[in-house]
Amino acid sequence: MLKYHLQPHSSVQKALFGRGILSWKSTTNNCCCGVGTHVWCLGNSTLKNNRLILHEYDHQVRNYTSSDLSCLDSIMKKNCFGYHLCSEHWMIPNSFTCKLISLFGNVYSQRNVYGTLNYRTSSHRLYSILNDNSKQESILELLDEVASKDMQEFIKQHSLDLSSLEKRVDYDYLLNTIEEMTKDQEKRELARSMGVEDDEDWKSSVSSFQFNFLHHFETDSKYRHKVKKAFKAAQKENKVQELIWNLYLKDLEQQIEEEKNLQMADLTEPHHLYPLARLNKRKVIFHIGPTNSGKTYNAFQALRNAKTGIYCAPLRLLATEAFVKLTSGENPISACQLVTGDFKIEAENATHTCSTTEMVDTQREVDVAVIDEVQLITDPDRGWSWTRALLGVRAKEVHLCGEGRVLNLVKKLCEDTGDELEVKEYTRLTPLQVTKKPTVKDYRDLQKGDCVVCFSRKEVFRIKNEIEKATDLRVCVVYGGLPPQTRITQAALFNHENSPYDVLVATDAIGMGLNLNIRRIVFSQTEKFDGKEIRTLTPHEIKQIGGRAGRFNSAFEVGEVTSFRASDCRVIQQAFAYDPSVEEEELRAGLFPTDEQIDHFSRLSLETGIRVRLSTILSKIYEMTKLNEGKYFMCDLKEKKDIANIIHPIENLTTAERMIFVKSPIDPDEQLCKTMTFKWAKLYSEGKYVPLLLPNPNSLKPINTLHKLKELEVMYKCLNIYCWLSYRLVPFNEREKAFQYQEIIRRLIEDSLKKTVSLERAEQQTRQRAKEHHQRNHHGYKKTNVKRISNKHKSEVRKMLAKYDL
């Protein structure tokens, strides 16, 4: 607390003192003067050429003319101020006060009559924050608030002319200003010329501006300070309405942009994305039935008999199989083409097309379209392609084949599109027995025509080798990592009556895409790792796999489903007894951001001048997209965003080009696939020819371990990616070479599958040799002869490590 005594000094201070302004003398010899209880700092003040000049360390802070003082004098006289003595005051340090005054001042007339700080009533509020330099903004606002209120009170008491005074810029003032603008007919007409159509639209846009502007004003202190400063300047120039109008226009521009963003992110009615398909009413025929019920056969016959048609398959394998069926047999269709992401067989003037679901052509009009395995419309990763096919394919008749659990969803989508829906239900053509107890206790109980199902490549080879060691049976294998043609070859070896192969070991890849003559499905287990967690198989998965037993018109027309363990048999029994109609959760169709959405939000990010990650754009679209959540969901974008991040460091790629790489069939679990994609994208961005960059597979010979077999499989996946890109980007022109390499790999893999037992044995020997070599060359690997460490030494170790925070 500092004490100041009443002590007039210069003539200026005396003049001020005589009009009711107090001055105090501090021990620092800096003068402060106040109006009643209002304090201003006048450190080292002088009067020069009729101007009062405030100084702080010889730096000019603010000038006041003698006319300004006379205006202040007139106010003082009206107020009839007398002396107002205070024994002691909390004082603001002069240096800081001058700084505040130099930055801030509330002007109330064109003659610069300044309001001042009510020091007595607010000193306790100020003192608590003056010691914190980070709160300078708060101090400025507090000065503004208190000074303005004080001067307004004074003006009100003495009936001063308000029209000649500047108004306080606060929430109410800005609200009144906006209301005045709303009533201005000229502004209303100007808004109409800019596209604000009617009074309701005008009021809506002003209301939105009012909320955005005043909310920002109230919540952002820096913005509030800028607004106040701007409106004070506008008051002086009598351009307040012009300023508020321009702020409105700026907000209107943002509203228009936001409206565009919202419209672009609106996928509540995705059927409107396919206007060509909406030109004519389609007939949708849903063939519902379990595996081996003939539903796909009937739909396929409608396709074969049509003049033009398209078949949409979930796998390249199925699309290829359909292509072979249509181009062979009694009435082959010569003008048929095969279109998958990484392989095409084109025909001139083709009437029929077999394609994967992702590749379906929504522009071409056909008589019949068949969409197989339509229940995959609910798949969290690929569901969007079935949704696109169902909503967008241009066909007079659309045949859907799949499980009945998606019937209600299909009904909803057909109601949206206005299409007619017909449902045909099928029953299984052959009996299927689900055993209550295991009929196979070990591999010696297996018979010709049995299929053992497991859920990883590692398990496939383990079981295959154990069967061949324990029995005289020969085993074929089918799993997702094999090339499609190799899977067909393995299936053919298993199916043929005179084949030397007896048993099939497969993953759930046999659930679709292969016609197999299976007598008995034997589940090795009923749990699988789905990439995130180990979980029990769903009833739909068990039915899909188990239903492969007992194929119609095969050697085994009575199928059987069993397991090695009684607990798994119980799970299988429950799955086949499960009624999907009791499911409480409604199934929904998957969606993926459209090319238009990605392009729109990408251009918005470019306007900022900063290169934003494509993964960030995809995340923003995911967050903003508005869906009808009773019918649709957004498919998982994680893998796509991971690929986008891999190629993000590469410059000179457009968003459309990045999306081509992002949509390519990259296996996110294989590092070689990601590395090769990055190298190819880098060369493409530099405008260079993009070679294959992979060695001739023959250089990997001999394929004498399962590890080398895995290398071949991964190389095949890389070749798939290259072929996929070659159909979309011109510089990828070694497609034929890639096809040749794929054929070499296929032959090498098929040869290796005949001798997996010896491959496993060779791999074990290689590992043992490597371990022995490591033991010889790295003494630290050898087992220690020390049997025990004393408690004393243990205690010393703990103390030492704790000292260094280890």
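Does T655 count as buried or exposed, and at what relative accessibility? The views below come from a predicted model, and the first one takes up T655.

**View 1. T655 sits in helix α22.** Helix α22 covers residues 655-663, and T655 belongs to it. With a relative accessibility of 18%, T655 counts as buried, because the cut-off for buried is under 20%. Setting aside residues up to four places away in sequence, the ones T655 touches are I598, S602 and L614.

**View 2. The whole chain, for orientation.** Here's the backdrop for the other close-ups: a protein chain with 27 helices and 26 strands. Of its 806 residues, 48% count as buried. Take the contacts with a separation of 6 or more, and 71% of them are between residues 24 or more positions apart.

**View 3. An open sheet of 8 strands with mixed pairing.** Reading across, the order is β12-β11-β13-β10-β14-β15-β9-β16. The edges are β12 (344-345) and β16 (420-425), each of which pairs on one side only. Look at the β16 end: strand β9 (residues 283-288) runs parallel to β16, and 6 bridges join the two. One spot to find there is I288, which stands opposite E425 in β16.

**View 4. Strand β13, inside the sheet of 8 strands.** All 5 of the 5 residues of β13 (residues 352-356) are buried, so the strand is largely enclosed by the rest of the structure. H352, C354 and T356 point one way, while T353 and S355 point the other way. That fits the usual pattern, in which side chains in a regular strand alternate between the two faces of the sheet. Strand β10 (residues 309-313) pairs with β13 in the parallel sense over 5 bridges, and G309 has H352 as its bridge partner. Strand β11 (residues 336-339) also pairs with β13 in the parallel sense, over 4 bridges; here L338 is partnered with C354.

**View 5. An open sheet of 6 strands with parallel pairing.** This sheet goes β17-β24-β21-β18-β20-β19. β17 and β19 (475-478) are at the edges with a single partner strand each, so one side of each has no neighbour in the sheet. On average, neighbouring strands are turned by 20° against each other, direction ignored. Further in, β18 and β20 pair in the parallel sense over 3 bridges, and V452 stands opposite V505 in β20. Two helices lie across strands of this sheet. Helix α16 (residues 484-495) crosses β18, β19 and β20, running at about 145° to β19. Helix α18 lies across β17, β21 and β24, at about 135° to β24.

**View 6. Helix α17 and what covers it.** In α17 (residues 539-546), the buried residues are H540, I542, Q544, I545 and G546. Their cover includes the strands β17 (432-434), β18 (450-453), β21 (520-523) and β24 (559-563), along with helix α18 (566-577).

**View 7. I518, in a loop.** You'll find I518 in the loop between β20 (503-506) and β21. I518 has 0% relative accessibility and therefore counts as buried. Not counting residues up to four places away in sequence, I518 touches G449, C451, F494, I510, R548, A549, G550, R551 and F556. G559 is 41 residues away along the chain, yet its C-alpha atom is separated from that of I518 by 7.4 Å.

**View 8. The largest nonpolar core, and another one.** This core has 72 residues, and I467, W680 and F732 touch the most other members. Helix α24 (residues 706-726) supplies the largest share, 13 residues. Zoom in on I467: beyond its neighbours within four places in sequence, I467 is in contact with Y443, L446, V452, L473, V475 and V505. Another core lies apart from this one; it has 35 residues, including I288, V360, I377 and L390.

**View 9. Helices α9 and α10, crossing.** The axes of α9 (residues 221-237) and α10 (residues 240-264) come within 8 Å and cross at roughly 140°. The two helices are therefore oblique to each other. On the α9 side, A230, F231, A234 and Q235 meet V240, L243, I244 and L247 of α10. Sorted by type, the residues of this contact are 7 nonpolar, 1 polar and no charged.

Methods: Residues numbered from 1 in each chain as written. Predicted model: local features only at pLDDT ≥ 70, side-chain atom pairs only at ≥ 80, totals over all residues. Heavy atoms only, no water. Pairing = 2+ DSSP bridges. Core = buried A, V, L, I, M, F, W, Y, C linked by side-chain atoms within 4.5 Å. Buried < 20%, exposed > 50% of the residue type's maximum accessible area, 1.4 Å probe, protein only. Contact = heavy atoms within 4.5 Å. Axes fitted to C-alpha atoms, helices over the stretch in contact; angles between N-to-C directions. Parallel < 35°, antiparallel > 145°, perpendicular 65-115°, else oblique. Nonpolar A, V, L, I, M, F, W, Y, C, P; charged D, E, K, R; others polar.
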